[in-house]
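This briefing introduces a single protein chain to a first-year student. Please look over the sequence and the model before reading the points below.

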Amino acid sequence: MKKIKLLFATGNENKVKEVKDIAGKNFDIYCLKDLNLTNLKVEENGKTFIENAKIKAEFYSNFTDLPVVADDSGLEIDALNGEPGIYSARYLSDTLDYFDKCKIIIKKMSNINNIKKRSARFICVFCLAQKGKTQFCKEGRVEGYISFELKGNKGFGYDPIFFYPPMNMTFAEMPLEEKNKISHRFKAFNSLFEELKKHSIY
Ligand code: IMP
């Protein structure tokens, strides 16, 4: 099978690493840095993960002939009414690092002792656009709980507080190869791949 070339429109190196790993040998994944497009900025002013992923994919697809995929992702915590949700990257303050954001979330939930009431999920939506138009979008989710303390030093973002029951550990305790077999990003990318095959986008 011919390799599928895609621009993954993100500046987040952690996401690029995960997606390259998930995509495997059937894909040549380029990121914004590879195509010298990092100076282009687009405002993520959508109200949902899908809207934001579309905005990014459509915008960057005006600057390349490659099919462009963009993702929007985040953590939804039920006890915090779905926060941080689509604001995961900008939650609380742009200047706080994730260690502090995680600590603040744990503190906000310190009165919730029943693990079942600490339910949360990571959501990822990938949209594929060509020449300024979205072709399709795919979503992936993974369900878990917010842990009582930060655990692990792998991964990124909110991984240290996302407890995944089937493996009895947080995402930050899990080797990346394991996270990439079950994550929201893995699920979304896999359905994107299935759809790409149907559309013969190579
Ligand atoms: P965006 O999709 O670039 O707007 O940012 C999504 C934000 O959600 C990231 O910066 C992280 O804070 C959070 N996030 C998304 N996926 C993950 C993940 O796999 N682990 C930890 N945090 C994540």
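The points below treat the overall fold, the surface and the cysteines in turn. The structure is a predicted model. The chain contains five helices and seven strands, and one disulfide is present.

**Overall fold**

- In sequence order, the helices and strands of the chain alternate and then group as β-α-β-α-β-α-β-β-β-β-α-α.
- The radius of gyration of the chain is 17 Å, close to the 17 Å given by the globule rule for 202 residues, so the chain is as compact as a globular protein of that length.
- The C-alpha trace extends over about 50 × 35 × 25 Å along its principal axes.
- Among contacts between residues at least 6 apart in sequence, 59% join residues at least 24 apart.

**Burial, surface and charge**

- Of the 202 residues in the chain, 47% count as buried.
- The exposed area of the chain is about 10,300 Å², and carbon and sulfur atoms supply 49% of this area.
- The chain carries 33 positive and 27 negative charges, and the mean positions of these two sets are 2 Å apart.

**The disulfide**

- Cys 127 and Cys 137 are joined by a disulfide, with a distance of 2.2 Å from S to S.
- Cys 127 belongs to strand 4 (residues 119–130) and Cys 137 to strand 5 (residues 133–146); the two cysteines are ten residues apart.
- The torsion about the S-S bond of Cys 127 and Cys 137 is about 105°, so this disulfide is right-handed.
- The two partners can be described by their accessibility: Cys 127 is buried, with a relative accessible area of 0%, whereas Cys 137 is partly exposed, with a relative accessible area of 22%.
- The value for Cys 127 falls in the buried class because buried means under 20% relative accessible area.

**Cysteines outside the disulfide**

- Cys 31 takes part in no disulfide; its nearest cysteine sulfur belongs to Cys 124 and lies 16 Å away.
- Cys 31 counts as buried, at 9% relative accessibility.
- For Cys 102, the closest cysteine sulfur is in Cys 124, at 18 Å, which is too far for a bond.
- A disulfide requires two cysteine sulfur atoms within 2.5 Å, and the sulfur of Cys 102 is 18 Å from the closest one, so no bond forms there.
- Cys 102 also counts as buried, at 0% relative accessibility.

Technical notes
Residues are numbered from 1 along each chain as its sequence is written. This is a predicted model: local features need pLDDT of at least 70, side-chain atom pairs count only at pLDDT 80 or more; totals for chains, interfaces and linings use all residues. Side-chain values use heavy atoms; hydrogens and water are left out. Helices (H or I, at least four residues) and strands (E, at least two) are DSSP runs, numbered from the N terminus. The radius of gyration is taken over C-alpha atoms; the globule rule is 2.2 Å times the number of residues to the power 0.38. Buried means under 20% relative accessible area, exposed over 50%, partly exposed in between (1.4 Å probe, protein chains only). Contact means heavy atoms within 4.5 Å. Accessible areas come from the Shrake-Rupley method with a 1.4 Å probe; for residues, only the protein chains shown count as cover. Lys and Arg count as positive and Asp and Glu as negative; His and the chain ends are not counted. The place of a charge is taken as NZ of Lys, CZ of Arg, CG of Asp or CD of Glu.
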